[in-house]
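Grab a pencil and have the viewer ready. Try each exercise yourself before you read its solution.

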Amino acid sequence: MQTQINNPATVLVTGATGTLGREVVKQLLQHSHHVRAFTRQSSPTVPQGVNIYQGDIRARSGLAEATKGVDTIIHCASFFESGYETDIQGTRHLIEAAKANGSPHLVYISIVGIDRSPFTYFQAKLEAERLVEQSNLPWTILRATQFHDYVLSLITSWTDENTSTITIPDGVRFQSVDVREVADSLVNLAEQPAAGHVPDLGGPEILMLEAMVDTYQLIYHKQNAVRTETLPGEYFDAFRSDVKLAPDRAVGQITWESFLQERAIVETAS
Ligand SMILES: NC(=O)c1ccc[n+]([C@@H]2O[C@H](COP(=O)([O-])OP(=O)(O)OC[C@H]3O[C@@H](n4cnc5c(N)ncnc54)[C@H](OP(=O)(O)O)[C@@H]3O)[C@@H](O)[C@H]2O)c1
């Protein structure tokens, strides 16, 4: 049981180089915490003042050193792979190392609706949640909807520049959320006593993918033809399912449109 919250605290961030982890690191620094970034990379780009701990949660390397003396772990590392060893075994390895070194608060980022979907990645996240719940560490789990960045990366990957076409799966709705708001929640949760499962964090609006693509094309001045297809497979089935939505938890405030406007300005300036 957590009795005392250190402030500033020593916080280990797994997945510190990822889309979410980078923002978590930035906000922890703004809150004056001592930040450790866990990564497989030997020379990652991290902000000044962050201590790098090289290792691999899947291979169980570097974890003993990284978890030694930490108050809190924010676990964002994940890898989309067959068998999902990084998410399942990696989480197990992280928990074992953390327990060998004390009893830090383990804050885990998960995904809305994973308990209502047969999608294998969601099932792996659910298994990782179970490991966290049964770890005997003080723990908190936040489930978020898809990130704006993720939807943007999908749209980009579905664009064929040669034919000026974007091919998207039909019947898909997203309630995407800005990663800065997810990071803000995680950092706030990390500064509180362990809370178990906390309410879901969903983006401000539920949008059809076609509408999201239209907004993207408008803001980025693109004129690709948009084709919708009934794409097969569990990945697209998961996209088509609405279990990933949290209509009662539309608490994020940064819309898809404002995210894109800001992103387009940054990209134009750089
Ligand atoms: N993307 C979404 O829309 C979304 C929505 C809700 C929840 N989430 C959850 O949020 C978390 C972060 O997602 P993200 O989109 O920010 O991920 P991401 O950008 O793909 O980053 C993944 C991170 O995991 C690290 N990693 C991968 N394999 C590793 C290993 N074996 N050992 C150590 N680190 C490893 C990578 O670090 P290095 O390459 O530097 O080692 C990287 O920093 C995930 O748990 C995801 O399930 C994502």
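Here are four short exercises on this predicted model, each with a worked solution.

**Exercise 1. Work out whether Q223 is buried or exposed, and say where Q223 sits along the chain.**

Step 1: Let's place the residue. Q223 lies in the loop that links helix 7 (209-219) to strand 12 (225-229).

Step 2: Now count its surroundings. Q223 has 8 C-beta neighbours inside 10 Å.

Step 3: Compare that with the cut-off, where 12 or fewer means exposed. Q223 therefore counts as exposed.

Step 4: For a sense of distance, hop along to S241. Q223 and S241 are separated by 18 residues in sequence, and their C-alpha atoms lie 28 Å apart.

**Exercise 2. Decide how helix 3 (residues 85-100) and helix 4 (residues 120-133) are oriented, and find the residues that meet.**

Step 1: Start with the axes. They come within 8 Å of each other and cross at roughly 15°.

Step 2: Angles under 35 degrees count as roughly parallel, so helix 3 is roughly parallel to helix 4.

Step 3: Check the handedness: helix 3 passes helix 4 in a right-handed crossing.

Step 4: List who touches whom. Helix 3 brings D87, I88, T91, R92 and I95, while helix 4 brings A124, K125, E127, A128, L131 and V132.

Step 5: Sort this contact by class, and you get 6 nonpolar, 1 polar and 4 charged residues.

**Exercise 3. Do the same for helix 7 and helix 9 (residues 256-269).**

Step 1: Here the axes are 10 Å apart, and the packing angle is about 30°.

Step 2: Use the cut-off again: under 35 degrees is roughly parallel. Helix 7 and helix 9 are therefore roughly parallel to each other.

Step 3: Helix 7 passes helix 9 in a right-handed crossing.

Step 4: On the helix 7 side you'll find M212, T215, Y216 and I219, and they meet W256, E257, L260, Q261 and A264 of helix 9.

Step 5: The class tally for this contact is 6 nonpolar, 2 polar and 1 charged residues.

**Exercise 4. Describe the shell around the ligand: how many residues surround the ligand, and which are the closest?**

Step 1: Count first. The ligand is surrounded by 27 residues, and the closest are G15, G18, R40, S78 and Y150.

Step 2: Look for elements that give two or more residues to this shell. They are helix 1 (19-30), helix 3 and strand 5 (105-111).

Step 3: Pick out the top contributor: helix 1 gives the most, with 3 residues.

Step 4: Finish with the classes. The shell has 11 nonpolar, 12 polar and 4 charged residues.

Terms used
Residues are numbered from 1 along each chain as its sequence is written. This is a predicted model: local features need pLDDT of at least 70, side-chain atom pairs count only at pLDDT 80 or more; totals for chains, interfaces and linings use all residues. Helices (H or I, at least four residues) and strands (E, at least two) are DSSP runs, numbered from the N terminus. A residue is buried if 20 or more other C-beta atoms lie within 10 Å of its own, exposed if 12 or fewer, and partly exposed in between; C-beta atoms are placed from the backbone. Axes are lines fitted to C-alpha atoms, for helices over the stretch in contact, and angles run from 0 to 180 degrees between N-to-C directions. Angles under 35 degrees count as roughly parallel, over 145 as roughly antiparallel, 65 to 115 as roughly perpendicular and the rest as oblique. A crossing is left-handed if the near helix is turned anticlockwise from the far one by less than a right angle, and right-handed if clockwise. Two residues are in contact if their C-beta atoms, placed from the backbone, lie within 7 Å. Ala, Val, Leu, Ile, Met, Phe, Trp, Tyr, Cys and Pro count as nonpolar, Asp, Glu, Lys and Arg as charged, and the others, Gly among them, as polar. A residue is near a molecule or strand if its C-beta atom, placed from the backbone, lies within 6 Å of it.
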